[in-house]
Amino acid sequence: MNPIEAERLYENSVRILKKNQHEKGGFYASPPGTRYPFIYPRDHSMCIYGAVEAGLMDEARKGLEFILNSQKPLGEFSQRYDVDGNDASYKELQIDGNGLVLFVMGKYFKATGGSFYEEMADKAFVASHWETIEKAVQFILMNKNEEVNLIHTINSIHEYPAYEHGFEIYANCACCAGIYAAVDMGKALGKDVSVWEQQADIIRQAIFTRLYSPRRRSFVKCIRVKDKNSKPIGYDSFASIVHDVDAVEYAPAYFELISDYDIKTVSTVRRIHQQLWDSEIGGLNRYPEYWGRNNGGYGPWCHFTCQLANHHIETDNREMAENYLDWVVDMAHEYTLPEHVSTIERFELWLEDYTNGKILRDSKVKLIEDIRAHPKWKDGLAYVTIPLIWPHAEFIISYKKYRDKFNPA
Amino acid sequence: MIRLENMLPRAFLLGIMKMVDMSGPLETIRWMQSIGEELAVIEGPGFEGARMDTDIVYLPISPFGNEVVEFSRIYEKPEQFSEIIGTMSNLKTKSAAPWEFPAMSHVLDVLQHSYNQKRAELAGTRFYNLGSKSPLGDVRQYNTEAIERAGMSKENVAEILDKAFFVYFIEHPEKE
């Protein structure tokens, strides 16, 4: 890996995080005037995590204030908000947002304490938002199905109900980790959180059994079930298993519910690498091409590549870690990362499919123009949505982990 | 085709017709508005839909479109629905704030608009329905007073309706 270029990308990623935080605290998913000038709790949470890892504690706190104050009456965090914190959703429930907000709040809380956790952690901040934390946990548990002990969602990380409607792995891991974070914060404040801890243990166990396939030696994507309260779920009209490979099947380890050395994680990551590493342009695709919703053309994503780099760093596999991070560094354009990268051929194939199928939305016109106008087009690459802020946060997290492990100061 | 599990939307539309027969269109309008407002309080402040810029919101799809089309294939144009639309039109004509009313292309706009307005109110704003398009065909309705208040023209709204079923404007009191 080119250490100078990697360091420059890290530094610019920190600058990009700072620059794309609205004065009211929300991190834009992409800058104003581009594709996603709103605050999406999923992206926003990862930016808070990136800010914590970069030592931007004031920014992280401000980001948390924003999202915690934007909670909906029943305890949900919406799909997206405007800069004032008003719900601006246009999609159905994405419950991983609840888990993510709690998870990164836990990261902030621990980081404020450092090695003097008990004495220095920002307990006052957590205490002032305790009611919000309670409602967020209750909302997650309100969506737990008692037959399988998993959390039901309609959308998850890909915002793609066709493959995510039901008991989906990323949403379940985020929610489970979020409850554990709430448990840790509650214990530090002297609250009785034993019921939450018990519930998190039950969900975690259900992830390890119901969302793991021993024969495939991999975690699986989703138990597809239409209605949360279908009983028995076997009679639900959607009842089926999505066992296709998906980069987020790494979520149990990403959210620290299982060790990176556990054989379940190791074999899952192996399957992800074998089936999703892009043989033509490198990098990690998020799911198989035939899922067919590849806006701008099928291709690898920077933030999923960073997420999986974490596994190789954790397991001391420096060569693989560098392969992954190196690709991200190589894809940066002027030290800025896109959402994902495709090729001209794949871009045109996507455009043909969507045009013929009459499912090309008006909002994609700008996307198409931007892809064709980007300087990388002349290199044969389609850069889709650049910059997207989220991958910069993921790069901060994984690169810092890499640097700490292999190049300690 | 009715299955018990998908009966509810059709039952609600039929319920509107029965309610008009029992209590009249005005009472039915108030009933739908109270439902919309109560659901809005549970959902909290916000504006559902895509954004043109910070103040214009539009719905690229008709929220109840499928149910409305399916229902119309059985009941066509129920008299009770026409009574509701007529009553809303009279209320708007007599109102000192006609911009507050929905641009009605279907009776369910009463429910939808009361829900939207209450959520906007909870966000400290006002929410105007500038235009709508029926899911039953390219029949468009406009609220000219709301369009004027938004500082737009009917042509502007019509252009957005080419790709949408509802067009709204968020008014921020502090910007007045």
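What follows is a conversation between a trainee and a mentor about the structure above.

Mentor: Before we start, this is a predicted model, in which local features need pLDDT of at least 70, side-chain atom pairs count only at pLDDT 80 or more, and totals for chains, interfaces and linings use all residues. Residues are numbered from 1 along each chain as its sequence is written, while chains are lettered from A and ligands numbered from 1 in the order in which they are written.

Trainee: What confidence does the predictor give the complex, and what is the mean pLDDT of chain B?

Mentor: The complex has an ipTM of 0.85 and a pTM of 0.93. For chain B the mean pLDDT is 93, with 98% of its residues at 70 or more; pLDDT is the predictor's confidence in each residue, from 0 to 100.

Trainee: How do you know whether the radius of gyration of chain A agrees with that of a compact globule?

Mentor: The radius is taken over C-alpha atoms, and the globule rule is 2.2 Å times the number of residues to the power 0.38. For 409 residues the rule gives a value near 22 Å, and chain A has 20 Å, so the two agree. The C-alpha trace of chain A spans about 60 × 55 × 45 Å along its principal axes.

Trainee: Why does Ile74(B) count as buried or exposed?

Mentor: A residue is buried if 20 or more other C-beta atoms lie within 10 Å of its own, exposed if 12 or fewer, and partly exposed in between, with C-beta atoms placed from the backbone. Ile74(B) has 11 C-beta neighbours inside 10 Å, so Ile74(B) counts as exposed. Ile74(B) belongs to helix H2 (residues 65–75) of chain B. In chain A, 50% of the 409 residues count as buried.

Trainee: What makes H17(A) agree with its expected span?

Mentor: Helices (H or I, at least four residues) and strands (E, at least two) are DSSP runs, numbered from the N terminus. The expected span of a helix is 1.5 Å times one less than its number of residues. H17(A) has 18 residues and should span 26 Å; its end C-alpha atoms are 26 Å apart, so the helix agrees. The buried residues of H17(A) include Trp390(A), Phe395(A) and Tyr402(A), and H1, H2, H13 and helix H14 (318–331) of chain A are what they pack against.

Trainee: How do you know that helix H3 of chain A agrees too?

Mentor: Its twelve residues, 57–68, should span 16 Å, and the end C-alpha atoms of H3(A) are 16 Å apart, so it agrees. Among its buried residues are Leu64(A), Phe66(A) and Ile67(A).

Trainee: Which domains make up chain A, and how many residues does each give to their contact?

Mentor: Chain A is divided into domain 1 (1–35 + 277–409) and domain 2 (38–252), with bounds from an automatic or database domain assignment. Domain 1 of chain A gives 29 residues to the contact and domain 2 of chain A gives 30, where two residues are in contact if their C-beta atoms, placed from the backbone, lie within 7 Å. H17(A) gives the most to the side of domain 1 that touches domain 2, with eight residues.

Trainee: How many residues of chain A are in contact with chain B, and what classes are they?

Mentor: Ten residues of chain A are in contact with twelve of chain B. The chain A side has four nonpolar, three polar and three charged residues. Here Ala, Val, Leu, Ile, Met, Phe, Trp, Tyr, Cys and Pro count as nonpolar, Asp, Glu, Lys and Arg as charged, and the others, Gly among them, as polar.
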